[in-house]
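Colleague: Could you take a close look at just one part of this model for me? I'm in my first year, so please explain the terms as you go.

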Amino acid sequence: MVDYINARCKTHFTYEDRKDYSKSVEMFFAYQNLYNSDFDLDRGAHIWNAGPGKVKTRWGLTDNYRKEMKKYLENRVLS
C-alpha cells in the first residue's frame with residue numbers, strides 16, 4: 001500500500017511510516033482522496049481493505065471489515 005500511495009499521490013512515505021499514527025492517517029486520507037472523494041464511510045472501508053477496482057463485485061468480501069469499522073467509528077468518532 002505504501003508503494004501504491006507513493007506512486008499515485010507522488011508522496012514519499014516509508015514503510016516505517018505505517019507504524020506512525022499521524023503518517024498512517026495521512027496515507028489513508030491520500031488514498032481516500034483518490035478513490036472516495038465524498039468520504040463515504042462504507043465505501044472508504046471497502047476500498048481500503050479490498051482495493052478500488054471492481055467495487056461492486058467485491059462488496060461481499062469486505063462485509064465483516066466494513067461492519068467492524070462502522071462500529072469502531074461510531075464508538076470513537078461519531079459519539
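Modeller: Below is a walk around one helix and the pieces next to it.

First, a heads-up: this is a predicted model, where local features need pLDDT of at least 70 and side-chain atom pairs count only at pLDDT 80 or more, while totals for chains, interfaces and linings use all residues. Residues are numbered from 1 along each chain as its sequence is written, and side-chain values use heavy atoms, with hydrogens and water left out.

Let's get our bearings. The protein chain has four helices and zero strands (both are DSSP runs numbered from the N terminus: H or I of at least four residues for a helix, E of at least two for a strand). Its C-alpha atoms fill a box of roughly 30 × 30 × 20 Å along the principal axes. Of the 79 residues, 23% count as buried (buried is under 20% relative accessible area, exposed is over 50%, and partly exposed is in between, using a 1.4 Å probe and protein chains only).

Now for our helix, H2, which covers residues 21-35 and includes glutamine 32. With a relative accessible area of just 1%, glutamine 32 is buried. Leaving out neighbours within four places in sequence, glutamine 32 is in contact with Ser37, Phe39, Gly44, Ile47 and Trp48 (contact means heavy atoms within 4.5 Å).

One of those partners, phenylalanine 39, sits in the loop between H2 and H3. Phenylalanine 39 has a phi near 55 degrees, a positive value in a residue other than glycine. Most residues other than glycine have a negative phi. Phenylalanine 39 is partly exposed, at 35% relative accessibility.

H3 itself spans residues 41-50, and its axis comes within 10 Å of the H2 axis, crossing at roughly 110 degrees (axes are lines fitted to C-alpha atoms, for helices over the stretch in contact, and angles run from 0 to 180 degrees between N-to-C directions). H2 and H3 are therefore roughly perpendicular (that covers 65 to 115 degrees; under 35 is roughly parallel, over 145 roughly antiparallel, and the rest oblique). Where they meet, Met27, Phe28, Tyr31, Gln32 and Tyr35 of H2 face Arg43, Gly44, Ile47 and Trp48 of H3.

H2 has another neighbour, H1. The axes of H1 and H2 also come within 10 Å, but cross at roughly 55 degrees, so these two helices are oblique to each other. On the H1 side, Val2, Tyr4, Ile5, Arg8 and Cys9 make the contact; H2 brings Met27, Ala30, Tyr31, Leu34 and Tyr35. In the loop that links H1 and H2 you'll find lysine 10, which is exposed at 68% relative accessibility.

Finally, look inside. The largest nonpolar core has eight residues: Val2, Ile5, Phe13, Met27, Ala30, Tyr31, Ile47 and Val55 (a nonpolar core is a set of buried Ala, Val, Leu, Ile, Met, Phe, Trp, Tyr and Cys residues joined through side-chain atoms within 4.5 Å). H1 (2-9) and H2 each supply at least two residues of this core, and H2 gives the largest share, three residues. One core member, valine 55, touches Arg43, His46 and Ile47, not counting residues up to four places away in sequence.
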